[in-house]
Structure formats: C-alpha cells, structure tokens
Amino acid sequence: MSPESVGCACATETLQADAVLDRFPEARREHLIPILQAVQDEFGYLSQANMLAIGRRLNLPVSKVYGVATFYNQFRFQPRGRVHCQVCRGTACHVKGSATVLEAIRQALKIDPGQTSRDGQFSLEVVACIGACGLAPVVTMNGEFHASVTPDSVRKLVQQYAKDTQNGNGK
Amino acid sequence: MQIEVNNRMIEARPGEMLLTALRRAHVNVPTLCNLEHLTPTGACRLCVVEVEGQRNLVPSCAFPVQEGMKVRTHSPRAVGARKTIVELLLANHPDDCLYCVRNNNCTLQSLAAELGVRERRFRAERSNTYHADTSSASIVRDPSKCILCGKCVRVCEEVQGVAAIDFIHRGSRTHVGTAFDQGLNVSSCINCGQCIMVCPTSALREQSAIKEVLDALRNPDRFVVVQHAPAVSVTLAEEFGLRPGADVDGCLTAALRRLGFRRVFDTSFSADLTIMEEASELVRRLRTGGRLPMLTSCSPGWIKYVEEFHPDFVPNLSTCKSPQQMLGALIKSFFAQREGLDPAKIYSVAIMPCTAKKFEAGRPELGRDGRPDVDAVLTTRELARIFRLRGIDPTRVVPESADHPFGERTTAGKLFGATGGVMEAALRTAHHLLTGRELEELKVKPVRGLEGVKEARVRINGVELGVAVASGLANAGRLLGEVRAGRADLQFIEVMTCPGGCIAGGGQPLGADRDAVRARMRALYQIDRDEPVRVSHRNEAVRRLYDEFLDEPLSEASHRLLHTHYHAREVIR
Ligand code: SF4
Ligand code: SF4
Ligand code: SF4
Ligand code: FES
C-alpha cells in the first residue's frame with residue numbers, strides 16, 4: 001500500500017500538514033508531541049497521511065509516531081463528527097456521577113471515546129477537568145456546555161442534537 | 001576486581017553490569033527483557049537480586065558492579081519477587097501450552113516451572129482478546145501470547161534499523177503492533193525473523209508450511225524435491241541435543257530421503273553457481289564502468305530493505321537471484337527437461353535458515369508461467385518438527401550424498417552460511433577470472449568473524465579492490481549512508497540481513513547465544529579448511545551445467561533463469 005493511498009486524507013491535507021510542520025523548523029524527536037498537538041488542532045484529528053508526513057519530517061519511523069500518539073488520550077484518529085461530544089471526567093464530575101453519564105452516552109451513540117460514529121454524526125471524547133466544576137457533571141456538545149446532566153438528560157440531549165443536525169441546523 | 005556473590009568471590013570487570021559478571025561465573029539469574037549487546041532497559045525486573053546496603057532489590061542487568069559489593073541472587077526475597085512477576089505475567093496469558101508451538105521451548109513456561117508456580121494467583125480484569133496477525137508470508141504475530149518484554153521492538157529498530165513494530169496504546173490496552181495497527185504485510189517488516197529469535201513466548205513465530213509439505217509428500221501426483229541451504233547442516237543437530245557447531249550434512253540428506261523426497265539437492269551447489277554469475281557480474285561492472293559498489297543480493301530481507309529504505313541503491317544490487325531461487329528455477333527447467341517431467345507436477349521445497357525466504361519464494365518476479373519456482377520453504381525449526389513427527393533423529397542416520405545434477409558443492413558455496421562467506425567465495429573466483437590464477441591465500445581473514453562491519457582491500461592484477469561486509473541491517477544502513485555521502489573506495493559490499501549471517505538466521509534453532517553462533521561459524525570454516533575443492537569455479541557439476549545448458553556466466557540462458565530485477569517498494573513506514 002502506498003503512503004498516499006493510506007487512510008482518508010487527500011493530498012491537499014498533506015500540504016496543509018506540511019504548512020503546520022513548517023512552523024517547527026529544525027524539529028527533532030523531542031518535538032513530536034507538540035507537533036502532534038499542532039496537527040490535531042488544525043485538523044481535529046491525526047490522519048494516517050499526516051502521521052506519515054510527521055514521521056518523514058522528523059526522520060522517525062511511523063510506527064514510533066503512531067506508538068507515541070496512541071499512548072496519549074488526547075489524540076484522535078478519526079475525524080470529528082458533525083456533533084463533537086466531550087464528557088468531563090475530572091474529579092468533581094466523577095464525584096457527581098460522570099461515569100454513568102459517559103456510559104449512557106456510549107450506549108446512546110454506540111461508540112467509544114476517541115471514536116466517530118459510522119455516519120459521521122457524532123464523535124465522543126473524554127476530557128480531564130474542563131474547569132466548570134460548579135456545573136458538574138458537565139458535557140459539551142460542539143463546545144456548548146450542558147450542566148448537571150444525568151444519564152436520562154444526556155440521552156435526550158443526544159436525540160435533540162441528532163434531530164437538529166438532521167434538519168441541517170446543527171452547530 | 002572481585003565481588004561477593006552468594007558467599008563466594010567471583011571475578012568482575014569494572015564498568016560491566018552485574019548480570020554480565022554473574023553469567024560469566026555461571027550464576028543463573030533469569031531474564032526476560034535483557035538482550036546481549038544492547039543497552040539494558042530494566043523493564044521486566046525478573047533479574048532482580050539483593051545487594052547489601054540497597055534497600056530495594058536491584059535489576060542485575062542494569063546495575064553496574066561495585067568494588068566490594070555483596071550480592072545474594074537467590075534469597076527468599078529475590079526468588080519471591082521473581083515468582084510474583086511471573087504470576088502477574090500469567091494473569092491474562094492463555095495457558096494453552098499443550099497446543100502451543102513453543103511448548104517445551106518457552107521461556108515463560110520454564111520460568112513458571114522453575115519458580116514453582118502451581119496456581120493462578122492473579123486474574124486480569126480485562127480479558128485477552130487479541131487476534132493473531134497472519135497477513136505476512138513469513139511471520140505470525142499473536143499479541144495474545146505477548147508479555148510485553150519489548151525485545152522484538154528493540155531488535156527490529158536497533159539491530160535491523162527497520163522499526164516495523166512498536167508499543168501502541170497504553171495501560172491495559174498496550175500491545176506490540178505495526179503503524180496504524182495494520183497487518184505486518186503492509187508494514188515495513190522485511191521478514192527477517194530476528195524478532196522471533198528473541199521472543200520468549202510464541203507471540204512471534206514463523207508462518208508454517210509444514211502441512212503443505214506433508215500434503216505434497218502424500219500426493220502421488222506430485223514429484224517432491226528438496227534443497228537445503230548451507231547453514232542448515234551446521235545447526236539442525238542442536239534441535240536433537242547435539243552441541244552447536246556439529247555438522248550433519250550427509251545425515252540430513254539421508255533423513256530427507258526417509259521423509260519421501262524424490263531428490264535431495266544441495267543449495268550450496270547453487271551458491272557456487274551464484275558465485276560464478278556474481279563474480280562475472282562484478283568483473284563486468286568493473287570493466288565497463290557499471291554501477292558500483294555492487295551489492296550482494298542473496299539475502300531476501302536485505303533486498304526488501306533496499307527496496308523500501310534505500311531505493312536509490314536498487315541499481316547497485318547484483319541482478320543475481322539468490323541460491324534458493326537459482327536452484328528453484330533450474331529444477332523446474334533444466335531438471336524437469338532432463339527427467340522428462342512436467343514442471344507443473346514438481347513440488348519444490350527449500351529448507352532454509354530463514355523466514356524471509358518464505359516471502360522471497362512468493363515474489364511474483366521470481367516465478368515463471370504464473371507458478372512459483374519454489375513451492376514451499378521450511379525453516380530449520382520446522383524441519384526438526386517434521387523429523388520428530390516422523391520419529392526420525394537426523395543425527396543418527398547413515399550419511400548419504402545429495403542427488404545429481406545439483407548435489408556437488410565446493411567449500412566456497414558452503415561458506416555462504418556465515419557473514420563474509422559470499423565475499424570470500426566471490427573474491428576467490430573474481431581473482432581467478434581476472435588473472436587466470438588462484439588467490440595465493442584462499443582464506444580472506446579480514447572478512448571472517450562476527451563483527452557487524454568488516455572491510456578489506458584486495459590487490460588483483462595490481463588494482464586494489466575495496467570490499468566491505470555487513471550483517472544486521474542497521475550496520476548495512478550506516479554503510480550505505482557513507483557511500484551516499486561520497487565514500488568511493490568500495491567496489492563490492494556483501495550484506496546479510498541477520499547479524500552473523502544465515503547461521504543466525506530467523507529460522508534457526510532458538511536459544512542460541514553469540515557463542516553458539518560462533519561455534520556454527522567455526523563448523524563452516526572447518527569444512528573450508530578440511531576439504532580439497534575450495535573455489536566455486538572448480539565445481540564440476542556447475543561446469544557441466546554450463547556445458548550442457550547455460551553456456552557461460554551471464555549468457556542469455558543465465559539471464560533468463562538466474563537473474564532478476566528489483567524495484568522501489570512503497571510500504572507504510
Ligand atoms: S507461549 Fe509459552 S507459556 Fe504461553 S502457551 Fe505457549 S508454551 Fe505456554
Ligand atoms: S521480521 Fe524482522 S523486520 Fe519484521 S518485525 Fe521482525 S525484526 Fe522487524
Ligand atoms: S512479541 Fe515477544 S518479544 Fe515482542 S514484546 Fe511480546 S513477548 Fe516480547
Ligand atoms: S532482564 Fe533485567 S530487568 Fe529484564
């Protein structure tokens with residue numbers, strides 16, 4: 001398989017990744033994590049083509065790039081869905097039952113954290129404290145905060161967002 | 001200096017690790033992650049010992065010796081810690097030893113036995129649900145058997161310079177995998193099998209061809225022939241309890257006949273043939289200003305490595321097929337004609353020290369009429385399994401000689417089994433081609449031995465030839481880097497994928513250390529010392545083959561059957 005045909009990224013995306021990489025002149029192995037972060041910030045996730053580009057630029061085997069990237073929870077390997085859902089698992093949220101909230105969302109969306117649903121509708125991410133402890137447990141949908149959620153309320157929330165995006169007015 | 005170990009004084013050398021001193025004194029401390037000649041990682045902690053004055057147990061592989069230190073290697077505390085480590089490793093290990101290819105030959109299994117593990121004390125909360133990756137022609141990876149010692153990852157990166165695999169994910173999801181967790185077949189893996197050689201369990205093993213070969217042997221419509229590589233006769237006996245370095249060449253031939261092979265051929269014959277072609281090619285490149293340095297092409301891991309990592313050097317590769325493939329091509333052409341056999345009925349088996357040979361046999365450019373020239377490749381280990389299955393001890397049969405027309409060899413062909421051997425054999429014949437005389441001293445000492453890179457300057461007809469020999473692809477990669485950077489004093493480079501050459505190939509008996517490899521190497525050198533015909537151009541069977549069929553080296557027929565071309569290859573890397 002040729003690197004160009006790997007994954008879903010097209011040539012333009014690789015060009016954009018090159019632009020991100022150009023922000024790190026003389027980058028070496030130590031810069032791998034900041035580079036992965038910058039590329040993810042730009043694209044919302046790490047595509048295979050981009051990881052290959054990073055490996056080439058740093059003269060690092062892509063197995064290493066992938067190994068390091070998968071070691072950290074912060075990196076995603078699928079593009080975000082039209083609705084990106086973040087569940088806070090910080091201490092305050094945990095105390096207020098975020099584990100059951102996460103479980104309810106997983107079941108409603110049928111995806112695990114880090115994944116994107118097949119139809120591209122939803123993606124799920126678990127985040128460490130997002131600094132809204134007063135609202136715990138908290139989830140965000142495309143950046144919008146939803147406070148004091150319960151398993152029941154998040155199930156409704158998911159339905160609501162699913163309907164909204166289908167009607168073409170998702171945010 | 002001296003250190004005290006278990007109330008006994010032992011010799012130690014300043015700067016070395018404690019484990020090294022213990023090993024020298026035959027104090028047996030088990031290890032799982034330690035690798036000879038690579039920096040210790042201290043990851044498995046199985047090698048822990050008690051050192052007086054240290055509060056905690058210390059890993060002996062990563063702890064330097066100190067003047068006056070007092071060590072207890074088997075105190076109840078040390079042994080207890082080791083046992084707990086093994087019990088934890090077993091917590092989510094599928095205990096199907098009876099059905100496992102490493103049964104009776106497994107470090108994890110013997111550790112559990114030695115430490116007296118009799119019950120399952122820990123049970124992992126997460127079940128072990130990995131599937132084996134069988135996508136590669138050479139290697140099977142089974143993460144469910146992996147204990148995460150990391151040796152394969154380090155060998156692949158540090159010794160072979162490939163880095164096809166690494167640890168991916170973290171915590172309880174950690175496993176060893178390729179980039180993007182895809183099949184090994186689309187990765188940069190060059191099929192060398194060195195990861196198998198260091199794996200303490202069956203998490204890495206060869207893609208077995210035993211069933212196919214046994215089926216063919218049972219099939220009355222198949223004419224099943226076999227060839228065995230130069231390095232196999234000096235290692236097979238280890239599987240049957242003999243010391244490393246015992247040569248069972250004739251016994252091997254006889255034992256193969258007992259399995260039912262209709263003809264038993266010697267790959268060392270086609271190694272001699274390779275030398276005729278390759279030395280002629282070198283001479284031609286030297287005379288006509290061809291691309292130099294010429295690189296040898298008999299090691300299939302190396303070929304794939306050049307295709308992937310150094311495509312700019314593809315034109316430097318000799319166009320000679322490997323001895324396995326030369327013989328494969330001759331069996332289905334010259335031999336078939338001579339015997340009046342339909343090539344489609346021939347089933348051609350090769351016994352190799354190598355897992356990459358399995359991949360090589362399946363390369364599309366190396367077959368003809370849509371059929372492979374070599375139908376199945378068995379490693380030395382697989383052959384030993386077949387012998388055991390059939391109740392044959394190949395060290396205890398009366399020796400026989402290999403079959404015509406591919407049964408004769410010189411010691412030069414036999415030398416192919418060790419790093420530097422191809423170079424030595426090629427220099428002997430190139431010298432004869434260029435001068436009409438034999439080298440005064442046939443033994444080319446600078447290219448012998450186990451060093452990773454060896455160089456020599458040889459004078460032929462007043463012209464000085466610069467040659468280099470590398471084994472282990474990280475070494476080869478560095479050498480190519482020098483050439484790319486402008487180094488111009490080398491005309492000919494031999495590369496063997498495995499460190500030490502085929503005697504340490506990825507298909508050889510497991511558990512050999514450097515001393516064992518050295519003994520295997522000495523066995524080949526002894527054959528070269530003891531036998532009279534030591535140059536490939538005096539192989540009578542090779543001469544007859546040229547007279548009757550091929551005409552001369554680099555002839556049109558040779559090019560059709562014995563040469564090929566390789567191309568840049570895109571993989572995920
Ligand atoms: S790898 Fe070793 S311990 Fe595991 S099942 Fe196989 S023989 Fe048993
Ligand atoms: S066979 Fe060789 S190249 Fe492939 S993973 Fe194992 S060590 Fe690496
Ligand atoms: S596959 Fe084998 S060598 Fe590699 S980490 Fe697992 S147990 Fe160790
Ligand atoms: S062998 Fe020493 S820590 Fe593994």
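Buried area is the accessible area that two parts lose on being put together, summed over both. The views below come from a predicted model.

**Figure 1. Chain B meets chain A.** About 1,700 Å² is buried between chain B and chain A. Carbon and sulfur atoms give 59% of that area. Chain B brings 20 residues to the contact, and chain A brings 19 residues.

**Figure 2. Charged and polar links join chain B and chain A.** There are 3 salt bridges between the two chains. One salt bridge pairs Arg29(A) with Glu157(B). Their closest N and O atoms are 3.9 Å apart. The interface also holds 5 residue pairs in polar contact, with both residues at pLDDT 80 or more. On the side of chain B that touches chain A, two elements give two or more residues: α4 (151–159) and β7 (165–168) of chain B. Of these, β7(B) gives the most, with 4 residues. Sorted by class, this side of chain B has 11 nonpolar, 3 polar and 6 charged residues.

**Figure 3. Residues of chain B surround ligand 1.** Look for the cysteines Cys97(B), Cys100(B) and Cys106(B), which are among the residues around this ligand. His93(B), Pro94(B) and Asp96(B) also belong to the group. So do Arg102(B), Asn103(B) and Gln109(B). Lys145(B), Thr201(B) and Ser202(B) complete the list. By class, the shell has 4 nonpolar, 5 polar and 3 charged residues.

**Figure 4. Residues of chain B surround ligand 2.** Cysteines appear here too: Cys156(B), Cys189(B), Cys192(B) and Cys195(B) are among the surrounding residues. Ile139(B), Ile165(B) and Ile190(B) are also in the shell, along with Val162(B). Asn191(B) and Gly193(B) are included as well. The shell divides into 8 nonpolar residues, 2 polar residues and no charged ones.

**Figure 5. Thr410(B) sits in a loop of chain B.** This loop runs between α12 (380–389) and α13 (411–414) of chain B. Is Thr410(B) buried or exposed? Thr410(B) counts as buried, because its relative accessibility is 1% and the cut-off for buried is under 20%. The side chain of Thr410(B) reaches the backbone nitrogen of Ala412(B) at 3.1 Å. Which residues does Thr410(B) contact, leaving aside its neighbours within four places in sequence? They are Asp272(B), Val533(B), Arg534(B), Val535(B), Ser536(B), Arg538(B) and Asn539(B).

Methods: Residues numbered from 1 in each chain as written. Chains lettered and ligands numbered in written order. Predicted model: local features only at pLDDT ≥ 70, side-chain atom pairs only at ≥ 80, totals over all residues. Heavy atoms only, no water. Near = heavy atom within 4 Å. Nonpolar A, V, L, I, M, F, W, Y, C, P; charged D, E, K, R; others polar. Contact = heavy atoms within 4.5 Å. Buried area = accessible area lost by both parts, 1.4 Å probe. Salt bridge = Lys/Arg side-chain N within 4 Å of Asp/Glu carboxyl O. Polar contact = N/O pair within 3.5 Å; in protein donor to acceptor, adjacent residues only side chain to side chain. Buried < 20%, exposed > 50% of the residue type's maximum accessible area, 1.4 Å probe, protein only.
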